[in-house]
Amino acid sequence: MGRGKIEIKRIENTNNRQVTYSKRRNGIIKKAKEITVLCEAKVSLIIFASSGKMHEYCSPSTTISDMLDGYQKASGRRLWDAKHENLSNEIDRIKKENDSMQVKLRHLKGEDINQLTHKELIIMEEALQNGLSSISAKQSEILRMVRKNDQILEEENKQLQYALHQKEMGAIGGSGNMRGIHEEVYHQRERDYEYQMPFGLRVQPMQPNLHERM
């Protein structure tokens, strides 16, 4: 008894729809891998689920970008506008420049130089010597700036020390003058108090002659 024909329509049950999607997606990817191996075909497969999740497969011998370029050439349909084509060309140019710079950098490090000609080695040696001279000149300039800054800082420190010393001396002199003024005021008050006391209550000196001289 044969299997009944399944009607192709949207599966309403969410769980059943997800299970069916997973099974058939895996089946399509499996078939794409098989035709790649069996027939040496170039296959590119992109699947988006209803949730937006993407699944893809591409034959190991190619890339999705190459497949899209091939499709554009074979079908005559333009997948990219002029703006995107210019951007793609600019990216390719930058990649090539980067690769070239990486090669030159390895050469400057002394790596992969066996294939260089005598003329190329001379040019590279001159470039290294010029770079070394520039580095030495920059180092000397930085050293001069450091020494100059040290001198400026040292001079500023001396000025600050001198200003601090002058301030301390002024504070000491001011405190001495104030102490003398306070002592003079105290003695003047003492004399005034003694003058106001009755003569009989004043303290009489033991040596009158000495008191008179004072």
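Is His 107 buried or exposed? At 16% relative accessibility, His 107 counts as buried, since the cut-off for that label is under 20%. This briefing walks through a predicted model of a protein chain with five helices and two strands. Of its 214 residues, 7% count as buried, so His 107, at 16% relative accessibility, belongs to that group. Here is a friendly tour, topic by topic.

**Overall layout**

- Following the sequence from start to end, you meet the elements in the order α-β-β-α-α-α-α.
- Among contacts in the protein chain with a separation of 6 or more, 16% link residues 24 or more positions apart.
- The protein chain exposes about 19700 Å², and carbon and sulfur atoms supply 56% of that area.

**How confident the prediction is**

- The average pLDDT of the protein chain is 80, with 76% of the residues scoring at least 70.
- Helix α1 (residues 14–39) has the highest mean pLDDT among the elements, at 94, while helix α5 (residues 208–213) has the lowest, at 48.
- Over residues 210–214 the pLDDT is below 50, and this stretch has one contact in the model beyond near neighbours in sequence.

**The nonpolar core**

- Six residues make up the largest nonpolar core: Ile 29, Ala 32, Val 43, Leu 45, Ile 47 and Tyr 57.
- The elements that give two or more residues to this core are helix α1 and strand β1 (44–48).
- Val 43, one of the core residues, is in contact with Ala 32, Ile 35, Thr 36, Tyr 57, Cys 58, Ser 59 and Met 67, leaving aside neighbours within four places in sequence.

**A nonpolar patch on the surface**

- Leu 68, Tyr 71, Leu 79 and Trp 80 make a nonpolar surface patch of about 340 Å².
- Leu 68 is found in helix α2 (residues 64–75).
- With a relative accessible area of 32%, Leu 68 is partly exposed; it can therefore count towards a patch, where the cut-off is over 30%.

**Around His 107**

- His 107 lies in helix α3 (residues 82–108).
- Leaving aside neighbours within four places in sequence, the contacts of His 107 are Asp 112, Ile 113, Leu 116 and Met 124.
- Asp 112, one of those contacts, sits in the loop between α3 and α4.
- Asp 112 counts as exposed at 52% relative accessibility, whereas His 107 counts as buried.

**Salt bridges**

- Side chains of opposite charge can pair when their charged atoms come close.
- The count of salt bridges comes to five, and three of the pairs are described here.
- Arg 93 forms a salt bridge with Glu 90, with the closest N and O atoms 2.3 Å apart. Because the two residues are three residues apart in helix α3, about one helical turn separates them.
- Arg 93 also meets Glu 97 in a salt bridge, at 2.4 Å from N to O. Here the partners are four residues apart in helix α3, so about one helical turn separates them as well.
- Arg 93 is partly exposed, with a relative accessible area of 37%. Its partners are also partly exposed, Glu 90 at 34% and Glu 97 at 40%.
- In helix α4 (residues 118–196), Glu 141 and Lys 138 lie three residues apart, about one turn of the helix. They form a salt bridge in which the closest N and O atoms are 3.9 Å apart.
- Glu 141 is partly exposed at 34% relative accessible area, and Lys 138 is partly exposed at 46%.
- Salt bridges that share partners join Glu 90, Arg 93 and Glu 97 into one network.

**Backbone angles to look at**

- Which residue in the loop between α1 and β1 is worth a look? Glu 40 lies in that loop, and its phi is near 55°, a positive value in a residue other than glycine.
- Glu 40 is exposed, with a relative accessible area of 72%.
- Asp 112 has a positive phi of about 55° although it is not a glycine. This is the Asp 112 that His 107 contacts.

Terms used
Residues numbered from 1 in each chain as written. Heavy atoms only, no water. Buried < 20%, exposed > 50% of the residue type's maximum accessible area, 1.4 Å probe, protein only. Contact = heavy atoms within 4.5 Å. Areas by Shrake-Rupley, 256 points an atom, 1.4 Å probe, with all protein chains shown as cover. Patch = residues over 30% accessible without salt bridge, like charges linked within 9 Å, V, L, I, M, F, W, Y side chains within 5 Å. Salt bridge = Lys/Arg side-chain N within 4 Å of Asp/Glu carboxyl O. pLDDT = per-residue confidence, 0-100. Core = buried A, V, L, I, M, F, W, Y, C linked by side-chain atoms within 4.5 Å.
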